[in-house]
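Hello, and welcome to my notebook. Here I jot down what I looked up, one entry at a time.

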Amino acid sequence: MRKGMRMAELRVTGRVASGGFAAGPVTVFSTGGGAIRGAGEPVAEAQALRDAIAAALEQLWDLAANVGSDGADILAFQTAMLEDETLSETAFAAIGAGVTADRAWRAALDAEIGGYEAADDVHFKARASDLRDIRDRVAGILSGATTEPGPPAGAILVGEDLTPSRFLSMDWSGGGGIALTQGSASGHVATLARARGVPMIVGLDLDLGGIAQRADALIDGASATLTIEPEAATRDDFAARARAAKTSRSAADEFRTRPALTADGTPIAVCINIADPAEVETLDPRICDGIGLVRTEFLFGDKHGLPDEETQYQAYRRLAEWAAGKPVTIRTLDAGADKPIAGLTLDHEANPFLGMRGIRLSLAKPEIFRTQLRALCRAAAHGAVEIMLPMVALPRELELARSHLDEALIGLQAAGVPCRRPELGIMVEVPAAAITVDAFDAAFFSIGSNDLTQYVMAAARDSDAVAELNDPSHPAVLRLIAQVAAYGARVGRKVSLCGDAGGEPRFIEALLAAGLRALSVSAAALGSAKEAIARVNIGGLG
Ligand code: PEP
Ligand code: MG
């Protein structure tokens, strides 16, 4: 359906991943990147696919002319596959039966990829990634991804799922929202959306092919509803609900600038989580007790390659200076799982959340780890920078990281570069670390409730289907948190929690009851977290 054709109001409900209200024009996007094409006649769809394949071949020939021989070999394989008509014949048959070019192409390639992935021969298996590449290149051309501009400011993005890098490449300053048929309320995109105050709904039962580009849409992040082409009464109701939410947000905002105190006067340290240094530009450091988590992946997802020491140093230094003496806990690279980085993380792990991610990857790539540690030691000369290691399971990982830190410092000092030794702490997000917390000689501990919950409950954080199991207030998770908090209190080492549960008012009483006295939350959640803290009576907790 095209803009201009009137469509009846369509209303679907999913799950809230990030609250708030947004109204704007729809941009339907494909997982491959661009917007999904509206359906045309089969003849036109078949021609569109033929044109896209021809354009993809042109691109591959151009590329092959500019790469070395190993790259040219890969491209030669891809070219040969694309030229082979048996690859596309299933797609053309599906188009003849009324399927859109985009879907027919993806389905045909997905079936082919499945066959390669199931092969015993490792060379065959490896070819699956070439096929994925071909699939996405043609699909991208079909969707106009290479020629069309990105979504307009304030757009409501509607699609299957969104990657963190795509989220970060968008400009959300003009508003907008996200509505996904898949997605997850506890994945990284949801975390980023909450931090930026971008409304997001996941798990919508929606036929993407039936939605017109630029149709009017409303996202109501309180009731998890997406409305397309709303009627006047729906718009009025939406506006009233958005106004009421704004009023209650202003009430929470009253707490934002004050120190966090429980109802009976116990101070709680509340820091902020940062995924991009630009986030602090508009924030007053007095609203928080420091930065409890800097997710440094933002620096590494750049298409220009891995960041050098100087780029990292400048970014970390900016945060240290902003915090003006308050702690700034910077986490070393936590790539892998749902935060892949091309050329760095492994491509085809069967279980990426249980695979090569976090500290495991850093220790396997010491030159990249050492560069980050050097940048951190240099930034520590400008403020209270602390280093935090993600996904630690074994004391040995902490000790290996410490020796890399020693070497980084020795190198800097020998070269006369100003630097300071940061405190070295760990995330507690792997159950093994929580259970054996007393075996870790860490300067501080920060509980990553997002990962800890998914591992304790065996319920993936990026799966909407098991979202109910992914519950940080389950007694199994809370007991581990209480054990870590009690250990920290006993030995006098700081224990905080920087997972998303800390920013959720409904979990705060349980977290304080577990013994936590420090939380780190997204800047957008500061007011409501402090307001929830003010309602807790520590003396009355069981
Ligand atoms: C966590 O796992 O709770 C956490 C804070 O880390 P991330 O969400 O970046 O994995
Ligand atoms: Mg984590």
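I looked for the place of ligand 1 first and found that ligand 1 sits in the second largest cavity. A cavity is a set of points, on a 1 Å grid over the protein atoms alone, where a 1.4 Å probe fits but cannot get out; sitting there asks that more than half of the molecule's atoms lie within 2 Å of its grid points.

This is a predicted model, where local features need pLDDT of at least 70, side-chain atom pairs count only at pLDDT 80 or more, and totals for chains, interfaces and linings use all residues. Residues are numbered from 1 along each chain as written, chains are lettered from A and ligands numbered from 1 in written order, and side-chain values use heavy atoms, without hydrogens and water.

Next, I checked the surroundings: 16 residues surround ligand 1, with R295, R331, G448, N450 and R461 the closest (a heavy atom within 4 Å counts as near). By class I noted three nonpolar, five polar and eight charged residues (Asp, Glu, Lys and Arg count as charged; Ala, Val, Leu, Ile, Met, Phe, Trp, Tyr, Cys and Pro as nonpolar; the others, Gly among them, as polar).

Then I looked up polar contacts, pairs of N or O atoms within 3.5 Å. A side-chain N or O atom of D451 is 3.0 Å from an oxygen atom of ligand 1, and a backbone N or O atom of S449 lies 3.1 Å from a ligand 1 oxygen.

Conventions
A polar contact is a pair of N or O atoms within 3.5 Å; within protein, one must be able to donate a hydrogen and the other to accept it, and residues adjacent in sequence count only if both atoms are side-chain atoms. On a 1 Å grid over the protein atoms alone, a cavity is a set of points where a 1.4 Å probe fits but cannot get out, and a pocket is an open set with protein on both sides within 12 Å along at least five of seven lines; lining residues have an atom within 4 Å of a point.
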